[in-house]
Amino acid sequence: MVRETLTRAKVLDAALAFVDQHGMAALSMRKLAAELGVEAMSLYNHVRNKGDLLDGLVARMFEAVPVPEPVAPWDVRIRGLVEGLYVQFRQHPAVLRTLVAQQANPRSPGALKVIDSMLGALLDAGLDDVETVRAYRSLTGLAFGAALTEETGLAGAPLDRAEPVDDWFRRMATPSTTPSLHRLLPVLTDADCRQDFETQLDLLVSALGTRKS
């Protein structure tokens, strides 16, 4: 039986699948090599070290985001790119946490194309250079935050407390003391993270549209 040729892409894809299943803390060169059926030293022909491996994992998330055609309207491009990032972040929460903690960066030509496409769409929206960078950070921050919020809400049981937090809010938020909170509490406690993300993205894109000259 001929052994399949090892490539950087295959190493990164195997590492991504491993981290998705076991978590980032469990990842090591030895364990990754075992998953691939090779010796650990052979991995260093494709990734220089653990940092390079982590950068590669982040890059794979970005590379999976479809890059829209530049002739498409700027707002269509922005929505597609931000939604694409959100989907990838939701699918790979352990890698997302590594990115947010600034332990890795998306260093690959494919990842740079995604970033460049978003910046280009924002420039086409009529923003100047400073506004473009700030809008880019706001949009990527939205994708980061929404994915982390959804992942945290789904992960495990809440801490043990004498009174559940929702019950505490219902008891304390009375019509006389906090009328707005009391009115909206049923909506606040009925979280729909995906819908929240879509609404926030709509608000940001609409606001950007008002800046177009």
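Which residues does UniProt list for "DNA-binding region"? The legends below start there.

**View 1. The DNA-binding region, as listed by UniProt, in a predicted model.**
The UniProt record, an unreviewed entry, gives residues 28-47 for this feature. The C-alpha atoms at the two ends of residues 28-47 are 12 Å apart. Helix makes up 40% of the span. Strand makes up 0% of the span.

**View 2. The annotated domain, residues 5-65.**
UniProt, again in an unreviewed entry, carries the annotation "domain: HTH tetR-type" for residues 5-65. From end to end, the C-alpha atoms of residues 5-65 lie 26 Å apart. The span is 61% helix and 0% strand.

**View 3. The whole protein chain, with 10 helices and zero strands.**
Read the elements from the N terminus and the order is α-α-α-α-α-α-α-α-α-α. The radius of gyration of the protein chain is 21 Å, well over the 17 Å that the globule rule gives for 213 residues, so the chain is more spread out than a compact globule. Along its principal axes, the C-alpha trace spans about 75 × 55 × 30 Å. Of the 213 residues, 36% count as buried. Take the contacts between residues at least 6 apart in sequence: 70% of these join residues at least 24 apart.

**View 4. The surface and charges of the protein chain.**
The accessible surface comes to about 12,800 Å². Carbon and sulfur atoms account for 56% of that surface. The protein chain has 23 positive and 27 negative charges. The mean positions of these two sets are 5 Å apart.

**View 5. T98 in helix 5.**
Helix 5 covers residues 93-100, and T98 is found in this helix. Is T98 buried or exposed? T98 has a relative accessible area of 5%. Buried means under 20%, so T98 is buried. Which residues does T98 contact, leaving aside neighbours within four places in sequence? They are M24, L54, Q103 and A104.

**View 6. Q102 in the loop after helix 5.**
Q102 lies in the loop between helix 5 and helix 6, and helix 6 covers 109-124. Phi of Q102 is near 60°. That is a positive value in a residue other than glycine. The relative accessible area of Q102 is 70%. Exposed means over 50%, so Q102 is exposed.

**View 7. R77 in helix 4.**
Helix 4 covers residues 74-91, and R77 has its place there. R77 has a relative accessible area of 5%. That is under the 20% cut-off, so R77 is buried. What does R77 touch, not counting residues up to four places away in sequence? R77 touches P68, E69, P70 and A72. R77 also touches G120, A121 and D124.

**View 8. Q91 in helix 4, shown with L203.**
Q91 has its place in helix 4. The relative accessible area of Q91 is 45%. Partly exposed residues fall between the buried and exposed cut-offs of 20% and 50%, so Q91 is partly exposed. How far apart are the C-alpha atoms of Q91 and L203? They are separated by 24 Å. Along the chain, Q91 and L203 are 112 residues apart.

Terms used: Residues numbered from 1 in each chain as written. Predicted model: local features only at pLDDT ≥ 70, side-chain atom pairs only at ≥ 80, totals over all residues. Heavy atoms only, no water. Helix = DSSP H or I, 4+ residues; strand = E, 2+ residues; numbered from the N terminus. Rg over C-alpha atoms; globule rule 2.2 N^0.38 Å. Buried < 20%, exposed > 50% of the residue type's maximum accessible area, 1.4 Å probe, protein only. Contact = heavy atoms within 4.5 Å. Areas by Shrake-Rupley, 256 points an atom, 1.4 Å probe, with all protein chains shown as cover. Lys, Arg positive; Asp, Glu negative; His and termini not counted. Charge placed at Lys NZ, Arg CZ, Asp CG, Glu CD. UniProt positions renumbered as here; feature names shortened; annotations may be inferred.
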